[in-house]
Every structure is written in structure tokens, then in C-alpha cells.
Amino acid sequence: ISESSQRLNHLIGNLLDLSRMEADMVSYNFSPTDLNRLAVRSTEKVKFLAERKNIHLTLDLFQNKARFYDLDGPRMEQVLENLLSNAIKFSPEGTTVLIRSRPESSGEGLRFTVSDTGPGIPEADLPHIFERFYQGKTQEGRVYGGRGIGLALAKRVVEAHGGKIWAESILGTGTALHFTIPKRKHTGNVH
């Protein structure tokens, strides 16, 4: 009951947030934030989903002062939770979901990747997965599941931070969802 209630609250929260974002009724509170700490918190919040399927969550995070960014921590945590929840949902039992962070090659930001070993996403669906309420289909024609809200919300939040989000997938091998956060100067203490 507790887990079902958490999932329902998460869904309702995402739907309300997406509606507010689309109506330009959301303000972002940027402050210096440790992205590694944020990734660990996000992982802890979805741990119960992973445990249910015996999925191992692996963190491979960039360890450097460059991981401190001015951003809206709760909103970015929501992005990571949504990406991790999707990866867990589509991963076979007993596999691993990886969350990785690395500096962008330009040195101007950080890239996060959440990857799974699930069924993958058909190439025709890839351009649409970040659209509101989009639900892709398997090769057999079944709808994947989900509500098509989490990735749409993630896209809006990442873009509000000046970043990009995209997916790479190979059928039968898995999916990697990537997003970038551009470097911003910050002052004061890190939260």
C-alpha cells in the first residue's frame, strides 16, 4: 500500500508540475548544488522499485569540484528520479541500472547518463519519447506502459537549466538517456 501510494503521489506530482511548466507558472530557484549528492538522493528514492525487481543500481559519478553547479536541486532531483524509475521499469529482473556523470568534452558542463539493459526503444519512437503523454509500442504492438509524463517533465526541467536531453537505444540491448547541465558560476556555500 505504501509503495502504491508513493507511486501515485509521484505520478500526480509530475502531472501537476508538467501542467504548471506548460503554463509558464513555475519558477526555478537556482543555488550552488553538489550534483553527486543529488544523484545519490535520487537513487535512494527509487531504491524500493529496484529491490522489488532485484535490480542493482550502480553510481559512477565524476569526483571533482566541477560537479558543483547552480541549479534548482529539487527539480533536477525530479529529473533523475524519473529517468531512474523508467530504467528500472524497463530493465529485466536481476540486471543493473547505471547512473554516470562526466564532464562535457567542451569543459562547459556535465553530462549525466542513466542506462539500462531493457528491451530498447524502436528507432521510430525515439524522436517522440519526450513528448507529453507519448507512449511507445513494442514490436509486438503492446504499449510500453507509463503515462508519458516523466520524460516530458524531465525535458522541460533540463531545458530550463540551459541543457539538452536525448536518448540512444538499440532494440534488445537497452537504452541510455543523457542530459547535460551547462556550467554556471556560483557564489556562496554549496547545498
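**Exercise 1. The order of the sheet**

Task: Determine in what order the strands of the open sheet are arranged in this predicted model, and which strands stand at its edges.

Solution.
Step 1. The open sheet is formed by 5 strands, and their order is E2-E4-E5-E7-E6. The pairing is mixed.
Step 2. The edge positions belong to E2 and E6. Each has a single partner strand, so one side of each lacks a neighbour in the sheet.
Step 3. On average, and with direction ignored, neighbouring strands of the sheet are turned by 15° against each other.

**Exercise 2. Directions and registers within the sheet**

Task: For the pairs E2 with E4, E4 with E5 and E6 with E7, state whether the strands run parallel or antiparallel, and name a pair of opposed residues in each.

Solution.
Step 1. In general, the strands of a sheet pair through backbone hydrogen bonds, in either a parallel or an antiparallel manner.
Step 2. Strand E2, residues 56–60, runs parallel to E4, and 5 bridges join the two. Thr 58 stands opposite Leu 98 of E4.
Step 3. E4 and E5 are antiparallel and are joined by 6 bridges. Here Pro 103 has Leu 110 in E5 as its bridge partner.
Step 4. E4 and E5 also form a hairpin, with 5 residues between them. In the turn, Gly 107 has a positive phi of about 80°.
Step 5. E6 and E7 are antiparallel as well, and 6 bridges join them. Trp 166 is placed opposite His 178 in E7.

**Exercise 3. The nonpolar core beside the sheet**

Task: Identify which residues have the most contacts inside the largest nonpolar core, and which elements supply at least two residues of this core.

Solution.
Step 1. The largest nonpolar core comprises 39 residues. Met 76, Leu 83, Phe 112 and Phe 179 have the most contacts inside it.
Step 2. The helices that each supply at least two residues are H2 (35–52), H3 (73–90) and H4 (150–160). The strands that do so are E3 (68–71), E4 (96–103), E5 (109–115), E6 (165–170) and E7 (174–182).
Step 3. One of these helices, H2, lies across E2, E4 and E5 and runs at about 175° to E2.
Step 4. Across the chain, buried residues account for 47% of the 191 residues.

**Exercise 4. Phe 112 and its aromatic partner**

Task: Establish whether Phe 112 is buried or exposed, and with which ring it forms an aromatic pair.

Solution.
Step 1. Phe 112 has 0% relative accessibility and therefore counts as buried. Phe 179, also at 0%, counts as buried too.
Step 2. Residues up to four places away in sequence being left out, Phe 112 touches, among others, Leu 35, Ala 39, Leu 61, Leu 80 and Ile 99. Its contacts also include Leu 177, His 178 and Phe 179.
Step 3. The structure holds 2 aromatic pairs. In one of them, Phe 112 and Phe 179 are stacked, at 5.4 Å centre to centre with 10° between the planes.
Step 4. Because Phe 112 lies in strand E5 and Phe 179 in strand E7, the pair ties together parts that are 67 residues apart in sequence.

**Exercise 5. The ring of Tyr 28**

Task: Find which residues are associated with the ring of Tyr 28.

Solution.
Step 1. Tyr 28 forms a tilted aromatic pair with Phe 30, at 6.2 Å centre to centre and 40° between the planes.
Step 2. Phe 30 counts as partly exposed because its relative accessibility is 33%.
Step 3. The charged end of Arg 75 sits over the ring of Tyr 28, at 5.9 Å from its centre.

**Exercise 6. Two residues compared with the accessibility cut-offs**

Task: Classify Thr 180 and Asn 54 as buried or exposed, and locate each in the chain.

Solution.
Step 1. The cut-offs are under 20% relative accessible area for buried and over 50% for exposed.
Step 2. Thr 180, in strand E7, has 7% relative accessibility and so counts as buried. Beyond its neighbours within four places in sequence, its contacts include Glu 104, Leu 110, Val 158 and Trp 166.
Step 3. Asn 54 belongs to the loop between H2 and E2. At 55% relative accessibility, Asn 54 counts as exposed.
Step 4. Most residues other than glycine have a negative phi. Asn 54, a residue other than glycine, has a positive phi near 55°.

Notes. Residues numbered from 1 in each chain as written. Predicted model: local features only at pLDDT ≥ 70, side-chain atom pairs only at ≥ 80, totals over all residues. Heavy atoms only, no water. Core = buried A, V, L, I, M, F, W, Y, C linked by side-chain atoms within 4.5 Å. Buried < 20%, exposed > 50% of the residue type's maximum accessible area, 1.4 Å probe, protein only. Helix = DSSP H or I, 4+ residues; strand = E, 2+ residues; numbered from the N terminus. Contact = heavy atoms within 4.5 Å. Pairing = 2+ DSSP bridges. Axes fitted to C-alpha atoms, helices over the stretch in contact; angles between N-to-C directions. Phe/Tyr/Trp six-rings, centres within 6.5 Å; stacked < 30°, edge-to-face > 60°. Lys NZ or Arg CZ within 6 Å of the ring centre and 35° of its normal.
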